[in-house]
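Please walk through the structure shown below with an eye on chain B, taking its helices one at a time before turning to the contact with its partner chain.

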Amino acid sequence: MNFSNLLNNFPEAVAMILFGIGFSNLLLQKNLIKKIIGLNIMDTATYLFLALKGYIMNRKAPVVVDGVQNVEAYVNPIPSGLVLTGIVVSVSVTALMLSLTIRLYRRYHTLDLDEISTLLKKEGK
Amino acid sequence: MDFVRNFPFMSIILSLFSGPLTSILNGKWAKRLNTLVIGTVGIMSSFVLAYTLKTKQAFVYIMGHFPAPWGNEIRVGILEAFMAVFFCIIMMLCMMGGIAEREAEIEESKQNLYYIMVNLLLCSLLALIYTNDLFTAYVFVEINTISACGLIMIRQNGRNIEAATRYMIMSLLGSGLLLLGICFLYDLTGQLLMSNIKEAVQLLAASGQYHVPLILALGLMSVGLAIKSALYPFHAWLPDAYGYSTLSSAAILSSLVSKGYIFLLVKIFYRVIGFSVVCESRVINILFVFGILGMLMGSVSAIKEKDIRRMIAFSSVAQIGYIYMGFGLGTEVAVRASVYHILSHAATKALLFVAASGLSDSSGGSRHYRDFTGAGYRNKLAGVAFTVGSLSMVGIPMFSGFISKLLFAQAAMGHDRKMLPTLIALAISTVLNAVYFMKTVIRIYTPVPESAAIVSQRPTVECRRVNWKEQPAKSVSLVFFILLNLLLGLNSEPLLHLIEAGLGMFE
């Protein structure tokens, strides 16, 4: 096995590990709040990955302040734009999930999704 | 005539802005506005379809006057325009069929909120169909998810909220994978527009560079969209979501929402990755295996189910399996069959949901399969409609389901390794479909003996005759659904040419 590539790209590897942590939390946790935390970790890992890919060593953020208009001086602005769009999406989705969780908690006084399912079956509707 | 080129963009914007506008109207006016918007979009899309059929080539609409690699684009060919028209028709009929249920099940003050969701859903479906930009597609996938979740949870009972939560969790897993796949592709190619990505991907595929990341990106996007469109083993949320939401929601969710994602996947296969690269990868084998598993397991679960709405919902799992099996075969003909099955399933499944609710109206609102005895005599139109839907799902000639099964079988012919599994799975799945659909059809046409109703231990349900005039909107929508089904079944040849030409324009 050649681990040198892994060392060169270790920030990307970290992003992927974070994605895995978030993904498995969202999938496997029973507690709804922990699921939402998993969702946020997963989304943030994707943004980290995008931001890493847009960054070019020794260059500045693409905002013209000191009159330098050379393209070579700045990092790629598109990934930042994508990250911003993604953040908007993930904020709205998180808000929706949280509101659903509040609804369920008020009704069943638990955050465990499986327990809610058993309660629903007992209700028999 | 060139003015028609603006219509795709205008229809997206129209449905997008009518959403917020609906929030300040009361329920009645919101409904009217919604019908108006769906109708207008349908008419505009038919103009676009006529235009593309006349010019015989796809056109690109540049937004904001920024040329190709920088700006955002809409791209319209025959298939896109046809899909938009078809989705509008189905949505209109679903909304018509469920008027009575919506008024009964949704609180008065929340009626207009429902129409916001429907307008946003229409907007996101149109955008998924038309867009030429992968990241825009991701954003609209999320809008689609959120509005679909709203459609499920508008009925305020525990089951619905739980179903909506499960739906959101599964969808978010799917869109996480989709987003990661898009990021990978962006890293590899540096482009976001589908046409530009494809050029770069062709270069990469030819040189063999970055082979693993490319396949990984394809796999992530396919699996993400497969999770979102409820491919078996990811269907756990589906029966609850379809079974307990209000009628129009169930019909729209099963026939349109999942199809929007599948159409995006077709676009990714053809317009982003390139179909030859997709066929060479092993990703389609995974889709093939899970498609076949879904065809069988969905039907088995449906046989075990006693609640008629949940039974129809499980049947959706099987039908989605068919579509993915078509992708898995990896030939042009098979993809054509899958696209045809998208249309056929959309027309049939919505018909079944509306017809089942008509039957349950005549059986005292019960949804248990046992209470449907003789329901076909009590509500004649719904009985006929349910029979048509069932026959179509089983695959009897004359109805749309037959054509798609025939196309799948033809596509499998001559395929070296996948021919036998496909044909066997088709045969078994047809028998399983027949078991649960014919069981229900026989049940609804079994006359109720007068004495049996008194003798049985179960409290008898309140049976009554339902005349077609009682709910004119539902009857009209049922009649149109039946006609649509027969049209798809008897007149498939021009449609197949249209799909072929449309897929050809994807290149």
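**Helices of chain B and the contact with chain A**

Helix α21 of chain B, residues 472–490, is built from 19 residues and spans 27 Å between its first and last C-alpha, close to the 27 Å expected at 1.5 Å a residue. This is a predicted model, and it scores ipTM 0.94 and pTM 0.94. For chain B the mean pLDDT is 89, with 97% of its residues at 70 or more.

Along α21(B), the buried residues are K474(B), S475(B), S477(B), L478(B), F481(B), I482(B), L484(B), N485(B), L488(B) and G489(B). The elements of chain B that cover these buried residues include α3 (78–97), α4 (99–105), α15 (332–361), α17 (380–394), α18 (400–412) and α22 (492–506). When reading such a list, it helps to recall that an α-helix has 3.6 residues a turn, so residues three or four places apart point the same way.

A second helix can be followed in the same manner. Helix α9 of chain B, residues 211–228, has 18 residues and reaches 26 Å from first C-alpha to last, close to the 26 Å expected at 1.5 Å a residue. Among its buried residues are L214(B), A217(B), L218(B) and L220(B), together with the run from M221(B) through S222(B), V223(B), G224(B), L225(B), A226(B) and I227(B) to K228(B). The buried residues of α9(B) pack against α7, α8 (194–207), α11 (247–273), α12 (275–280), α13 (283–304) and α14 (308–329) of chain B. After α9(B) comes A230(B), which has a positive phi, near 60°.

Towards the start of the chain, helix α1 (residues 7–23) of chain B packs with helix α2 (residues 27–55) of chain B at an angle of about 175°, their axes being 9 Å apart. The two helices are therefore roughly antiparallel. From α1(B), residues including F7(B), M10(B), L14(B), S18(B) and L21(B) take part in this contact, and on the side of α2(B) the participants include A30(B), L33(B), V37(B), V41(B), M44(B) and V48(B). By class, the contact of α1(B) with α2(B) holds 12 nonpolar and 7 polar residues, and no charged ones.

Finally, which elements of chain B give two or more residues to the side that touches chain A? The contact draws 20 residues from chain B and 30 residues from chain A, and the elements in question are α6 (134–153) and α7 (158–189) of chain B. The most is given by α7(B), with 15 residues. Sorted by class, the residues on this side of chain B are 13 nonpolar, 3 polar and 4 charged.

Key
Residues are numbered from 1 along each chain as its sequence is written. Chains are lettered from A and ligands numbered from 1 in the order in which they are written. This is a predicted model: local features need pLDDT of at least 70, side-chain atom pairs count only at pLDDT 80 or more; totals for chains, interfaces and linings use all residues. Axes are lines fitted to C-alpha atoms, for helices over the stretch in contact, and angles run from 0 to 180 degrees between N-to-C directions. Helices (H or I, at least four residues) and strands (E, at least two) are DSSP runs, numbered from the N terminus. Angles under 35 degrees count as roughly parallel, over 145 as roughly antiparallel, 65 to 115 as roughly perpendicular and the rest as oblique. Two residues are in contact if their C-beta atoms, placed from the backbone, lie within 7 Å. Ala, Val, Leu, Ile, Met, Phe, Trp, Tyr, Cys and Pro count as nonpolar, Asp, Glu, Lys and Arg as charged, and the others, Gly among them, as polar. The expected span of a helix is 1.5 Å times one less than its number of residues. A residue is buried if 20 or more other C-beta atoms lie within 10 Å of its own, exposed if 12 or fewer, and partly exposed in between; C-beta atoms are placed from the backbone. pLDDT is the predictor's confidence in each residue, from 0 to 100.
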